[in-house]
Amino acid sequence: MKHTNTRALFEYWNRLRGQDNAPRREAIDPGDIKWMLPGMFFLEYNGKEKFPFSLAGTELCDHYDAELRGMNMCDFWAGQDRISFAHVLQSVIEESAVGVIGFCAHTNQQGSCNMELLVMPVKSPARKPPRVLGCIAAFNKPVWEGNDAEKITSQKISSLRMMWPAKETADAVNIFSEMYPENLEKIDGNQFTAVKHLRVIEGGRVK
């Protein structure tokens, strides 16, 4: 994690969960992290590739010039990036994984901004859809800030890392955005499995 906001939210989430795979939704107190709220979001899981926003901070709504509540976050990506992003969110829900995605947002006026996205599991109350907690942080001032004519029209994944912090011998994987065959191979003695257009290399313990 490169951005101070993503690191701070991860540390807060990690502290709340204790020895569990994930913290409970009701344990998250907005007052504890109020300075991060504008860039934070919650997603619901409503089925394969269906992850609508249940809550989105004002900064995120400004980024996309829209009220994000109810919108499917998977729709923000195209082609293989959409498949990869959906795979990450599925792993968050099913395996209590944590995903960190670096991406570049592009605008209709050829502007761009490098950003970092964090997604983590949250335990929902009984009979409620599973939730994902996350945030998006920009590394530089977005070119569309203060310019109503400039809007995000596309975004492209540049890096992706996944972790399983709750595992005693936590597996970490580094994923690189490039086209690879979907089979099992070995590189430099490390076994990896292909996830669509991403290569997953089995790593060591996360400290």
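From the N terminus on, the elements of the chain follow the order α-β-β-α-α-β-β-β-β-β-β-β-β. The model on the screen is predicted. In total the chain contains three helices and ten strands.

**The whole chain**

Begin with the entire chain selected and shown as a surface. About 10,800 Å² is exposed, and carbon and sulfur atoms supply 47% of that area. Of the 207 residues, 47% count as buried. Among contacts between residues at least 6 apart in sequence, 56% join residues at least 24 apart.

**Helix H1**

Next, select residues 4-17, which form helix H1. This helix has 14 residues and reaches 20 Å from its first C-alpha to its last, close to the 20 Å expected at 1.5 Å a residue. Which residues of H1 are buried? They are Thr-6, Ala-8, Leu-9, Phe-10, Tyr-12, Trp-13 and Arg-17. In an α-helix there are 3.6 residues a turn, so residues three or four places apart point the same way. Display the strands that the buried residues of H1 pack against: E1 (40-44), E3 (98-107), E4 (112-122), E5 (131-138) and E6 (152-163). Then move to Gly-18, which follows H1 and has a positive phi, near 60 degrees.

**Ser-54 in strand E2**

Select residues 53-56, strand E2, and centre the view on Ser-54, which is located there. Is Ser-54 buried or exposed? Ser-54 counts as buried because its relative accessibility is 11%, below the 20% limit for that class. Leaving aside neighbours within four places in sequence, the contacts of Ser-54 are Phe-42, Leu-43, Glu-44, Arg-69 and Arg-131.

**The nonpolar cores**

Now select Met-73, Leu-117 and Ile-136. These three touch the most other members of the largest nonpolar core, which has 34 residues. At least two residues of this core come from each of E1, E2, helix H2 (58-64), helix H3 (79-95), E3, E4, E5 and E6. Which element supplies the largest share of this core? It is H3, with five residues.

Keep Leu-117 in the centre of the view. Not counting residues up to four places away in sequence, Leu-117 touches Met-73, Trp-77, Phe-85, Gly-99, Val-100, Ile-101, Phe-103, Cys-135 and Ile-136. Apart from the largest core lies another, of 19 residues, and Leu-9, Ile-28, Cys-135 and Met-163 are among them.

**The cysteines**

How many disulfides does the structure hold? It holds zero. Select Cys-104, which is in no disulfide; the nearest cysteine sulfur, that of Cys-113, is 7.4 Å away. Cys-104 counts as buried, at 15% relative accessibility. Cys-135 also counts as buried, at 5% relative accessibility.

**Two residues with positive phi**

The tour ends in two loops. Most residues other than glycine have a negative phi. Select Ser-96, which is not a glycine yet has a positive phi of about 55 degrees. Ser-96 is placed in the loop between H3 and E3, and Ser-96 is buried, with a relative accessible area of 14%.

Finally, select Gln-110 in the loop between E3 and E4. Gln-110, although not a glycine, has a positive phi of about 65 degrees. Is Gln-110 buried or exposed? With a relative accessible area of 80%, Gln-110 is exposed.

Note on methods:
Residues numbered from 1 in each chain as written. Predicted model: local features only at pLDDT ≥ 70, side-chain atom pairs only at ≥ 80, totals over all residues. Heavy atoms only, no water. Disulfide = S-S within 2.5 Å. Buried < 20%, exposed > 50% of the residue type's maximum accessible area, 1.4 Å probe, protein only. Helix = DSSP H or I, 4+ residues; strand = E, 2+ residues; numbered from the N terminus. Contact = heavy atoms within 4.5 Å. Areas by Shrake-Rupley, 256 points an atom, 1.4 Å probe, with all protein chains shown as cover. Expected span 1.5 Å × (residues − 1). Core = buried A, V, L, I, M, F, W, Y, C linked by side-chain atoms within 4.5 Å.
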